[in-house]
Amino acid sequence: MIAQYGFNATLTARPGMGDRLVDLLLTGLDEGSPGASEHCVVYLVSRSASAPDVVHVTEGWTSEEDHHRIFAGEAAQAIVTLIEGLLAKESQYTDYVPVRGKAAF
């Protein structure tokens, strides 16, 4: 499948909570979670090299509608609620339309 919609989110955890934030975001790949959906074709969690409490999430979805539908679900909302409790400030989002690229892990 090809990503037709995506975004990058920058999340800043409360001091010392960066590890917990990363662990929680990675549960998004667990069976039944949003990142495990067939409609999520990119789910990448990264950390800032210079600020350990700053975490970046890059997601690519088959469509914006699929993303919104999946994120309206119970599993996604449970993760979002837990994430909100770890944040020092409001997350920053940049939406985009993927053109082309590569990811190999």
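**Burial and salt bridges around helix 2**

Modeller: Aspartate 66 counts as buried, at 15% relative accessibility. This is a predicted model, in which local features need pLDDT of at least 70, side-chain atom pairs count only at pLDDT 80 or more, and totals for chains, interfaces and linings use all residues. Residues are numbered from 1 along each chain as its sequence is written, and side-chain values use heavy atoms, with hydrogens and water left out.

Colleague: Why is aspartate 66 called buried?

Modeller: Buried means under 20% relative accessible area, exposed over 50%, and partly exposed in between (1.4 Å probe, protein chains only). Aspartate 66 has 15%, so the word buried applies.

Colleague: What makes arginine 69 partly exposed?

Modeller: Its relative accessibility is 47%, which lies between the two limits, so arginine 69 is partly exposed.

Colleague: How do you know that aspartate 66 forms a salt bridge with arginine 69?

Modeller: A salt bridge needs a side-chain nitrogen of Lys or Arg within 4 Å of a carboxyl oxygen of Asp or Glu. Here the closest N and O atoms are 2.9 Å apart, so the pair meets the rule. The two residues are three apart in helix 2, and therefore separated by about one helical turn.

Colleague: How many salt bridges does this rule give?

Modeller: The count is two. Arginine 47 also forms one with aspartate 19, with closest N and O atoms 2.6 Å apart. That pair links distant parts of the chain, strand 2 (residues 40–47) and helix 1 (residues 18–26), 28 residues apart. Helices (H or I, at least four residues) and strands (E, at least two) are DSSP runs, numbered from the N terminus.
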